[in-house]
There are 2 protein chains.
Amino acid sequence: MSSRAATRVFQGVEEQIATGQLKDGEKLDEASLAERFQVSRTPVREALLQLVGSGLATQIPKRGCFVKAPSFREMIEMFEVMSELEGMCARLAARRISDQQLAALKAANEGCEEAIQANDSDLYYHKNVEFHECIYTACGNSFLASETRSLRRRLQSFRRLQLRVRGRMPQSFNEHYEIIEALESGNADKADLVSRQHVMIQGERFNDLLVHMEQTQ
Amino acid sequence: MSSRAATRVFQGVEEQIATGQLKDGEKLDEASLAERFQVSRTPVREALLQLVGSGLATQIPKRGCFVKAPSFREMIEMFEVMSELEGMCARLAARRISDQQLAALKAANEGCEEAIQANDSDLYYHKNVEFHECIYTACGNSFLASETRSLRRRLQSFRRLQLRVRGRMPQSFNEHYEIIEALESGNADKADLVSRQHVMIQGERFNDLLVHMEQTQ
DNA sequence: CATCTTATTTTTGTATACGATAATTTCTAC
DNA sequence: GTAGAAATTATCGTATACAAAAATAAGATG
């Protein structure tokens, strides 16, 4: 956690976009943000630039920055890409994973199991990240790993909600088990397929959640 | 082309990294860059932030920015991801492409043919971009399209070199033809496979080029 | 002569100031 | 009363100023 003012502003605005406090299309006024975060315009502008870079805001020259929360369609698109990337990670990992890395993967999955037994969705969330992080490392392509990680991060605030959906944790855990099996046996095709489905199910769950939210509003 | 000073600096530095004038690890001194581009430090800092965002530079807090030219290994990794993304675009496009989009694709490919006959590698480069742009549009996933486009852009300066490699243009053209066939017949698997290979061949060509450069130095 | 401490300098990160352009308001003409 | 033009205001983009931290140089001590 950098103590830089610009980073604080960036993360603050990012958070507020994720939680919906800042809505799509809303203007990100430099002066207001500077006031809110008690800094000058300079770090605010740097934060805005980074937000534009990560796709959370749009910039219109001489007009300012505006929140660009992903639409429903864009979210689905991102899940579609995410499933491809996760599949690729798993496929490569099936060929390249070491015994040590496999052990770490199993350990992370045991952590997931403990979280389920404790019914601790927050712990599960973190252990789940650890699980996938093992696969990213094992895929042997650090560029792919970092791209996948960054997309995961971008979807994570929504993902966090999904895990609270009834029955998701045990199902997710079962999927993990299948992935481990595939990686252990070096079955790249199966690892790919299962991982893709693992993500797409989350995408569909996300869809469920959205539909539910629309219905209850 | 934006007339913004920050953009000018960004593109200038990007160019110099691509051409090798700025080497890996070299410090991007704010004052020097400001002097060189005849602007103040403010737009220089904005440009540096964007460079960090696009992975061309690293920032160490309170220490400054440093050029981070992709290593040989990273380039290979990027090609590996690129081939996956291109394959995905083609696979989706095979299911979703419209008659109109298919016509545009064929037109772009005819442009490629003309470029080959004129032996104009620069024209081929542009028509080739147009060809792939058609597929990105047709894949129906604009997030995927933009990610693929951005990775293509990142590899493009090297790609430009590759096309000058002897015999590459006609071969690339033949691969295009196969892609068109697959898309026209709605054969998603073939479209995926051929597109992947299309990129990986370029990656291998890139490898050849690097090896050649190392030998002649 | 080497090493640790301290002083100086450089450079980063942030604040403020200013000019230019777009948005808004006011005013005039019909 | 409305439409268009001019003036005003607000905001962006850039320049400069300043404070804090790190790098470097100088000096003292063993």
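A residue counts as near a strand if one of its heavy atoms lies within 4 Å of it. Keep that in mind for this predicted model, where we look at how the protein meets DNA strand C.

There are 19 residues around DNA strand C, and those that come nearest are Ala5(A), Ser40(A), Thr42(A), Arg63(A) and Arg41(B). On the DNA side, sugar and phosphate make up 64% of the strand C atoms that come within 4 Å of the protein. As for the protein side, the surface near DNA strand C splits into 10 charged, 5 nonpolar and 4 polar residues.

Chain B offers some polar contacts to phosphate oxygens of DNA strand C:

| Residue | Atom on the protein side | Distance to a phosphate oxygen of DNA strand C |
|---|---|---|
| Lys27(B) | side-chain N or O | 3.4 Å |
| Arg45(B) | side-chain N or O | 3.2 Å |
| Lys62(B) | backbone N or O | 3.1 Å |

Which elements give two or more residues to the surface near DNA strand C? They are helix H1 (5–18) and helix H3 (41–53) of chain A, plus helix H3 (41–53) of chain B. H3(A) gives the most, with 3 residues.

Lys27(B) also has a place in a sheet: its bridge partner in E3(B) is Phe66(B). E1(B) and strand E3 (residues 64–67) of chain B pair in the antiparallel sense over 2 bridges. The open sheet of chain B has 3 strands, in the order E1-E3-E2, with antiparallel pairing. Strand E1 (27–28) and strand E2 (57–60) of chain B each have a single partner strand, so one side of each has no neighbour in the sheet.

How values were computed:
Residues are numbered from 1 along each chain as its sequence is written. Chains are lettered from A and ligands numbered from 1 in the order in which they are written. This is a predicted model: local features need pLDDT of at least 70, side-chain atom pairs count only at pLDDT 80 or more; totals for chains, interfaces and linings use all residues. Side-chain values use heavy atoms; hydrogens and water are left out. A polar contact is a pair of N or O atoms within 3.5 Å; within protein, one must be able to donate a hydrogen and the other to accept it, and residues adjacent in sequence count only if both atoms are side-chain atoms. Helices (H or I, at least four residues) and strands (E, at least two) are DSSP runs, numbered from the N terminus. Ala, Val, Leu, Ile, Met, Phe, Trp, Tyr, Cys and Pro count as nonpolar, Asp, Glu, Lys and Arg as charged, and the others, Gly among them, as polar. Two strands pair if DSSP finds at least two bridges between them.
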